[in-house]
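Student: I am new to this structure and would like a close look at a single part of it. Could you pick one aromatic residue and work outward from there?

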Amino acid sequence: MTTWETGWEIGFPAATVEEMMLALVVRDLVHGSSFDVEAVEDGAELAFDFLAGDELDGETYRLLLSAEVTGTDNRELVQAFTEQMLEDLVAEAEELVAQREDLGSRPAGEVVFEIVPEDEERWDLVIPDWLAPDGAEVPFGFRSFQVAGSEPWPGDGTLDAHGRVIFVPYEGAVHLFGIPAPEGWGEEEEGLPVHPGEG
């Protein structure tokens, strides 16, 4: 079995709070996901393990996607599956964002980001990587806190009440939205057919 790594940069529009939130939900859906897939044409089998990061470039959100691929080194097949997966992810993210609950906002200057120990990490809090303090493990090794009083914002109670809480920085403010947890995402998927060249 051949194991190799590859990566992509995918640009998403980020000119509004809603566009930024959608891109962050896509990142959350893909990070840590694994798939076993089979090519329809020749029966080639592949195992994918995806990791995702991000950066902001003006009004473009860049999803930094990497994959460890085990199986064939057919790059056309890998590209076809990744494009198919991302299309499905964007559609799922749109459904989740449509169910969002506005949890409030505050000026960016009222919030600070701090490294937290592993037992205080929250996988259900989605914060852009570029807000992480130096030395923090992304995406879960840091949290947002109120400058006044040093309480976490959002607090654990808010996080417990929602499947995911999305932290969206935009034009000098930070916004919080609660969305449902994705259904079964991140569990290993079996037998997804891939048709190279379709997309």
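Tutor: Let's start with Phe142, which in this predicted model has a relative accessible area of 2%. The cut-off for buried is under 20%, so Phe142 counts as buried. The ring of Phe142 has a partner, Phe113, and the two form an aromatic pair. A pair of aromatic rings is described by the distance of the centres and the angle of the planes. Here the centres are 6.4 Å apart and the planes stand at 65 degrees, an edge-to-face arrangement. Phe113 is buried as well, with a relative accessible area of 18%. The pair links distant parts of the chain, since Phe113 belongs to strand 6 and Phe142 to strand 8, 29 residues apart. It is one of 11 aromatic pairs in the structure.

Now look at the strands that carry these two rings. Strand 6 covers residues 111–115 and runs antiparallel to strand 8, with 5 bridges joining them. You can find one of these bridges by looking for Val112, whose partner in strand 8 is Phe145. Strand 8 itself spans residues 142–146, and 4 of its 5 residues are buried, so this strand is largely enclosed by the rest of the structure. As background, in a regular strand the side chains alternate between the two faces of the sheet.

Moving on along the chain, you come to strand 9, residues 164–170, which is mostly covered, with 6 of its 7 residues buried. Strand 9 pairs in the parallel sense with strand 7, residues 125–126, through 2 bridges. Leu125 is one residue to look for here, as its bridge partner in strand 9 is Val165. Strand 9 also pairs with strand 10, residues 173–179, this time in the antiparallel sense and over 7 bridges. Tyr170 has Ala173 of strand 10 as its bridge partner. Strands 9 and 10 form a hairpin with 2 residues between them, and Glu171 in this hairpin takes a positive phi near 50 degrees.

Other aromatic residues are worth finding too. Ring pairs join Trp8, Phe35, Phe48, Phe50 and Phe81 into a cluster. At Trp153, the ring has the charged end of Arg106 sitting over it, 4.6 Å from the ring centre.

For a contrast in chemistry, try Asp54, found in strand 3 (residues 45–57). Its relative accessibility is 6%, so Asp54 counts as buried. The side chain of Asp54 makes polar contacts with two other side chains: that of Arg27 at 2.9 Å, and that of Tyr61 at 2.8 Å. Beyond its neighbours within four places in sequence, Asp54 touches residues including Leu24, Leu64, Pro128 and Trp130.

Finally, step back to see the whole protein. It has 3 helices and 11 strands, and from the N terminus they run β-α-β-β-β-α-β-β-β-β-α-β-β-β. Buried residues make up 43% of the 199 residues. Among contacts with a separation of 6 or more, 68% involve residues 24 or more positions apart. The C-alpha atoms fill a box of roughly 60 × 30 × 30 Å along the principal axes. The radius of gyration is 18 Å, which agrees with the value near 16 Å for a compact globule of 199 residues.

Note on methods
Residues numbered from 1 in each chain as written. Predicted model: local features only at pLDDT ≥ 70, side-chain atom pairs only at ≥ 80, totals over all residues. Heavy atoms only, no water. Buried < 20%, exposed > 50% of the residue type's maximum accessible area, 1.4 Å probe, protein only. Helix = DSSP H or I, 4+ residues; strand = E, 2+ residues; numbered from the N terminus. Pairing = 2+ DSSP bridges. Polar contact = N/O pair within 3.5 Å; in protein donor to acceptor, adjacent residues only side chain to side chain. Contact = heavy atoms within 4.5 Å. Phe/Tyr/Trp six-rings, centres within 6.5 Å; stacked < 30°, edge-to-face > 60°. Lys NZ or Arg CZ within 6 Å of the ring centre and 35° of its normal. Rg over C-alpha atoms; globule rule 2.2 N^0.38 Å.
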